Amino acid sequence: MTVIAVCPGSFDPVTNGHVDVIERASSRVDRLIVACLRNVGKAPLFDIDERVALVEAVTGHLPNVEVTAFSGLLVDFCRDRGVRVIVKGLRAVSDFEYELQMAQMNSRIGDVETFFLTTSPVYSFLSSSLVKEVARFGGDVSDFVPPAVVARLTERLQQRTP
Ligand code: PNS
């Protein structure tokens with residue numbers, strides 16, 4: 001049986017924690033589709049093309065990984081692509097409640113099962129939001145995001161500085 005899974009997210013921007021989950025998930029499935037949500041609630045720092053390009057850049061060493069954008073319901077994307085498995089990283093108990101709700105809803109409305117990977121402990125505190133906050137105030141984020149992302153973050157935040 002060929003197992004295709006989707007790893008969805010906002011990826012604004014992709015962090016080392018995301019890369020870790022993508023690497024580990026891709027080693028256990030035949031094909032992994034990393035699906036970047038086009039319309040994230042609040043205005044993203046990076047537009048969808050930039051987010052997809054950054055995820056592509058940092059997962060280029062993984063031959064069975066495809067990166068794409070999606071809009072609307074994740075279950076519709078899964079149905080269109082013939083995918084019945086979602087993979088998500090679980091960092092801490094605080095993630096659990098919302099992830100549980102989403103997993104149950106996706107199972108109910110789309111017959112798609114969610115498999116959780118616990119994040120590596122070194123990344124359990126990491127989130128795109130915190131990375132952006134640290135970078136915005138001039139902090140060093142090079143331990144938290146791949147070099148390509150550090151460069152784009154610096155560039156983007158400089159553009160925003162009056
Ligand atoms: O990286 P994030 O922001 O935690 O990712 C959240 C994401 C993109 C996985 C979630 O918001 C999502 O699947 N959005 C698509 C809309 C949808 O299907 N909503 C119903 C979920 S039950």
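Helices (H or I, at least four residues) and strands (E, at least two) are DSSP runs, numbered from the N terminus. The model shown is predicted: local features need pLDDT of at least 70, side-chain atom pairs count only at pLDDT 80 or more, and totals for chains, interfaces and linings use all residues. Residues are numbered from 1 along each chain as its sequence is written, and side-chain values use heavy atoms, with hydrogens and water left out.

**View A. The loop between β1 and α1.** F11 is found in the loop between β1 and α1. Its phi is near 50°, a positive value in a residue other than glycine. P13 is found in the loop between β1 and α1 (16–26). D12 and P13 are joined by a cis peptide bond, with omega about 0°. Most residues other than glycine have a negative phi, and most peptide bonds are trans.

**View B. The shell around the ligand.** A residue is near the ligand if one of its heavy atoms lies within 4 Å of it. The residues that surround the ligand are P8, G9, S10, L37, F70, G72, L73, L74, K88, M102, M105 and N106. Taken alone, the ligand exposes 550 Å², and the protein buries 72% of that (accessible areas by the Shrake-Rupley method with a 1.4 Å probe). By type, the shell has seven nonpolar residues, four polar and one charged. Here Ala, Val, Leu, Ile, Met, Phe, Trp, Tyr, Cys and Pro count as nonpolar, Asp, Glu, Lys and Arg as charged, and the others, Gly among them, as polar. β1 (4–9) and α4 (93–110) each supply at least two residues of this shell. With three residues, α4 gives the most.

**View C. Polar contacts of the ligand.** A polar contact is a pair of N or O atoms within 3.5 Å; within protein, one must be able to donate a hydrogen and the other to accept it, and residues adjacent in sequence count only if both atoms are side-chain atoms. A polar side-chain atom of S10 lies 2.6 Å from an oxygen atom of the ligand. From L74, a backbone N or O atom lies 2.8 Å from an oxygen atom of the ligand.

**View D. The surroundings of N64.** N64 is found in the loop between α2 (48–59) and β3 (65–70). At 3.3 Å, its side chain reaches the backbone oxygen of D30. Leaving out residues up to four places away in sequence, N64 touches S26, V29, D30, R31 and L32 (contact means heavy atoms within 4.5 Å).
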